[in-house]
Amino acid sequence: LKWLVIHSKGDSLVDFAQSQSAFDHLKSEFGEASVRKDFETIAFEHTEMLKTKEYSDLVGGYFVGLFQ
């Protein structure tokens, strides 16, 4: 399994500590090579970020990278 944890700097629903905790837990369970994070690219509200080009580029790039 591979994981990508994304945190938006503009998210008022999920705080940074919660995203970091999820990342740390996944890393401890699956190993550092299986988990990536991006806490810098996106700066929109929780639901709004899903509609942005930044989000689709980030997720799309992640998936492309899995198959290279």
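**Reading the fold from Phe 16**

At 47% relative accessibility, Phe 16 counts as partly exposed. The cut-offs are simple: buried means under 20% relative accessible area, exposed means over 50%, and partly exposed lies in between, with a 1.4 Å probe and protein chains only. This is a predicted model, where local features need pLDDT of at least 70, side-chain atom pairs count only at pLDDT 80 or more, and totals for chains, interfaces and linings use all residues. Residues are numbered from 1 along each chain as its sequence is written, and side-chain values use heavy atoms, with hydrogens and water left out.

Start with the overall layout. The protein has two helices and two strands. Along the sequence their order is β-α-β-α. The radius of gyration is 12 Å, close to the 11 Å that the globule rule gives for 68 residues, so the protein is as compact as a globular protein of that length. That radius is taken over C-alpha atoms, and the rule is 2.2 Å times the number of residues to the power 0.38. Helices (H or I, at least four residues) and strands (E, at least two) are DSSP runs, numbered from the N terminus. The C-alpha trace spans about 30 × 30 × 15 Å along its principal axes.

Now the surface and the interior. Of the 68 residues, 29% are buried. The accessible surface comes to about 4800 Å², and carbon and sulfur atoms hold 56% of that area. These areas come from the Shrake-Rupley method with a 1.4 Å probe; for residues, only the protein chains shown count as cover. There are 7 positive and 11 negative side chains, and the centres of the two sets lie 6 Å apart. Lys and Arg count as positive, Asp and Glu as negative, while His and the chain ends are not counted. Each charge is placed at NZ of Lys, CZ of Arg, CG of Asp or CD of Glu.

How much of the contact network links residues that are 24 or more positions apart? Such residues account for 65% of the contacts with a separation of 6 or more. A contact means heavy atoms within 4.5 Å.

Ser 8 gives a local view. This residue sits in the loop between strand 1 (3-6) and helix 1. With 1% relative accessibility, Ser 8 counts as buried. Beyond four places in sequence, Ser 8 touches Ile 42, Ala 43, Phe 44 and Met 49. Ser 8 and Ala 43 are 35 residues apart in sequence, yet their C-alpha atoms are 4.9 Å apart in space.

Next comes helix 1. Gln 20 is found in this helix, which covers residues 16-30. Gln 20 is buried, at 17% relative accessibility. Leaving aside neighbours within four places, Gln 20 is in contact with Lys 37 and Phe 39. Lys 27 is also in helix 1. At 29%, Lys 27 is partly exposed. Outside its neighbours within four places, Lys 27 is in contact with Glu 32 and Val 35. Lys 27 and Val 59 are 32 residues apart in sequence and 19 Å apart in space, C-alpha to C-alpha.

Two residues in the loop between helix 1 and strand 2 are worth a look. Ser 34 lies in that loop and is buried, with a relative accessible area of 14%. Not counting residues up to four places away, Ser 34 touches Leu 1, Lys 2 and Trp 3. Ala 33 lies in the loop between helix 1 and strand 2 as well, but counts as exposed at 70%. The C-alpha atoms of Ala 33 and Trp 3 are 9.5 Å apart, with their positions 30 residues apart along the chain.

Finally, the aromatic rings. How many aromatic pairs does the structure hold? There are three. In one of them, the rings of Phe 16 and Phe 39 have their centres 5.3 Å apart and their planes at 85 degrees, so the pair is edge-to-face. Phe 16 lies in helix 1 and Phe 39 in the loop between strand 2 (35-38) and helix 2 (53-66), so the pair ties together parts that are 23 residues apart in sequence. Phe 39 is buried, with a relative accessible area of 6%. Tyr 62 and Phe 63 also form an edge-to-face pair, at 5.7 Å centre to centre and 75 degrees between the planes. Tyr 62 is buried at 13%, whereas Phe 63 is partly exposed at 46%. Rings of Phe, Tyr and Trp (its six-membered ring) pair if their centres lie within 6.5 Å; planes under 30 degrees apart count as stacked, over 60 as edge-to-face and the rest as tilted.
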